Every structure is written in C-alpha cells, then in structure tokens.
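This report deals with salt bridges and with the solvent exposure of the residues that form them. The structure is shown first.

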Amino acid sequence: MQEFLAFSAFFSYHGIMNIVYKVHVYMHTNRVAGRRKMEIRIEKTAYAKVNLGLDIVGRREDGYHLVRMIMQSVGIADRLTFERKEAPGVELLVSEASTLPDLQDMPTDDRNLIVRAARMVMEKYGVTEGIRITLEKHIPMAAGMAGGSTDCAAALKGTAELFQTGATPEELAELGVRLGADVPYCLMGGTALSEGIGEVLTPLPMLPDCRFLVVKPSFGVSTKEVYTAYDSLAEREAAGSGEGIPHPDIDGMVRALEEQSLEGILSRLGNVLEYVTVENHPEIRRIEELVREAGAAEAIMTGSGPTVFGILPGADGPEPDLEAMKTKLAKEGITAEVYVAGRGA
C-alpha cells in the first residue's frame, strides 16, 4: 500500500470530488409492480492526457518499464453514461454523438477496457444487477493520449458509484493498475509525477494558464514496437556502441512547476520515446515545426506517439486557424486531426 500513499495525498490536495471526472447524478422514481424503484444515471467526463516529460529509467524482470513522467490532463474528453439494468452483465453502447470515424469496429465485449473495468468492480463488490454504459467518444485512438485508460478509469469510478459500493480511491487504483499502467493517473488527473510503472503518483501544482494545440496524424504506431526499439537503443548505449539517448530533465520540470515558471517548463519538455518513433516517422518533426509556426511556444510528441502537442501560453489569446493548419499538413502529405484545448480537470 505504500506505493499508493502519494495517490491518496492527491485527494487531500485537490479534494476527493474535484478529480478527473465531473459527475452528474440524476435520480427519479417509478412505480414498478406496485413498488417504488430507484433508477440512477451517472455521467462522467474522461479527460485525455499528454506527457510534459517522459523518461525511462529501467526495466523490471517481468518486462515492465520503469518510468518518470510528468502527466497533464487536457480538455479533449470522452463522456460515459452509466445506468442500471435488470438483466445481469455489462452492456456497452457507442453513442451516435461520437465524433471519431469507424467506431463500428470498436469491440464492446471483454476486449474493451470499459467492460473489463465494470465487470471487475461488480465482481469485487458482489454486484448482481446489470449495467448499461454508453460511450460518447472524442479522444483520438492509438494517439498516446490515454484514451483507453481514461475511459477505463471512468468505468471503475462510474460502476463503483452507480452501485454505491463504497470503494475507496486506493481500492480503485489497485484495480486500475491491473488493467493498465496509466489508469491510476487517469483516476487522479491534473498534473502529476508518475513513477514505477506508472502507478506511483505524486500530485504537482497545475500547469500555468495555457492551451494545447494537438495534432493527431492518421498513421499509427505500435507502442510495443516503440518500447522494443528503445530497449535495443538503450542496450547499445550501455555497451558503448550506440549514440547517447537524450533524457528529459524531469526533476527540473518538477521545480519549474513548483515555481510556476512556464518558461522553465517549456525549456524542459522532452520525451525519450520521440527519439525512437521519429526514426520510423520523420514527419513528426515537420508536424512539430508547423505547430510552432501556428503559435505554440514549444512542441513535442506525447507518449509513444504519433500525436504532437504544442503549448500556447495563456488561457486566452488568438485561436490558431485549424483549417489552415490541416491544409499545410496536407501539402506535406500528412492527414491529421487538429484540436485546441485547455487544461483538463
């Protein structure tokens, strides 16, 4: 449980109810077979994340990588609705209000983390009723923005609250890490230092007022292949036969956040995996250049890629012309979705 102490500290830091998800509970009563039946519907907003800094510091015997990351939630979000149903089991539906294409191919069975998370909570707390979950999807998939993990975190919280299980944040985090290394952070949200395999979390002061210009190219990358390629580079570096891998200054980033120095934060943005991903997709560098040309003070890749984000100083200011940005990308042969968003909750 020691590894969850920092996680627990977050809830006293920000308040238990002021976390990644905004919760709205609607209750009404019906007459059913001569008795009153309480129907409850819960809605949650699940925010995407970016990595202000991502470093790999080792590897466990089981293959998991040890990381030091600065995580930041952003205002690109999915919405999930949770409702009780009489028939047992978990039913997942995809809302027509979703803005992503090709969602008809999204699995809605146990291959989906949402279903697995809900089932895990129900089994742990002995829930025998059924649940219907409706997903309104907006976070780009396979983007390095934790879209699957944040939906998983929402499912853990939404299911636990719908059935009034009394699950604690620590208990949900213990379930979450079994489903994905980013899930404990997605339960937390905000700005945080993530260590271990991602489950050791320390809350940090929120990033100063800014906005994010986010570009998700249409091509995908394999997270497994990126980490495998990184391991090969790291092994060559350790043997003295490869180039040095540039590592971000995570401690310096923490100090800059504590000092609320946006300049210090911008100068320390870094992602050790970008060095690997760019070898196979050099267009990522060009995307970063175009993001800076559009007004971002600095730009880097998030996660294992391929998404690039730039930071626009200030909560207000001129909005980048997204259509012009997409046109410039198209001239470079890059098809992409472009977003502007503030900080997530």
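## A network around Arg-286

Arg-286 and Glu-293 are joined by a salt bridge between their side chains, with an N to O distance of 3.7 Å. The model is a predicted one. Arg-286 is partly exposed, at a relative accessibility of 25%.

This pair belongs to a network of salt bridges that links Arg-286, Glu-289, Glu-293 and Glu-332. Over the whole structure, the search finds 24 salt bridges.

## Arg-59 and Asp-231

A salt bridge also connects the side chains of Arg-59 and Asp-231, at 3.0 Å from N to O. Arg-59 belongs to strand β2 (residues 35-59) and Asp-231 to helix α6 (residues 223-238), so this salt bridge links distant parts of the chain, 172 residues apart.

The two partners fall into separate exposure classes. Asp-231 has a relative accessible area of 12% and is buried, because buried means under 20%. Arg-59, with a relative accessible area of 48%, is partly exposed.

## Arg-68 and Asp-251

Arg-68 forms a salt bridge with Asp-251, and their closest N and O atoms are 3.0 Å apart. Asp-251 is in helix α7 (residues 250-258), while Arg-68 is in strand β3 (residues 65-85); the pair therefore ties together parts of the chain that are 183 residues apart in sequence.

Asp-251 is partly exposed, with a relative accessibility of 40%.

Note on methods
Residues numbered from 1 in each chain as written. Predicted model: local features only at pLDDT ≥ 70, side-chain atom pairs only at ≥ 80, totals over all residues. Heavy atoms only, no water. Salt bridge = Lys/Arg side-chain N within 4 Å of Asp/Glu carboxyl O. Helix = DSSP H or I, 4+ residues; strand = E, 2+ residues; numbered from the N terminus. Buried < 20%, exposed > 50% of the residue type's maximum accessible area, 1.4 Å probe, protein only.
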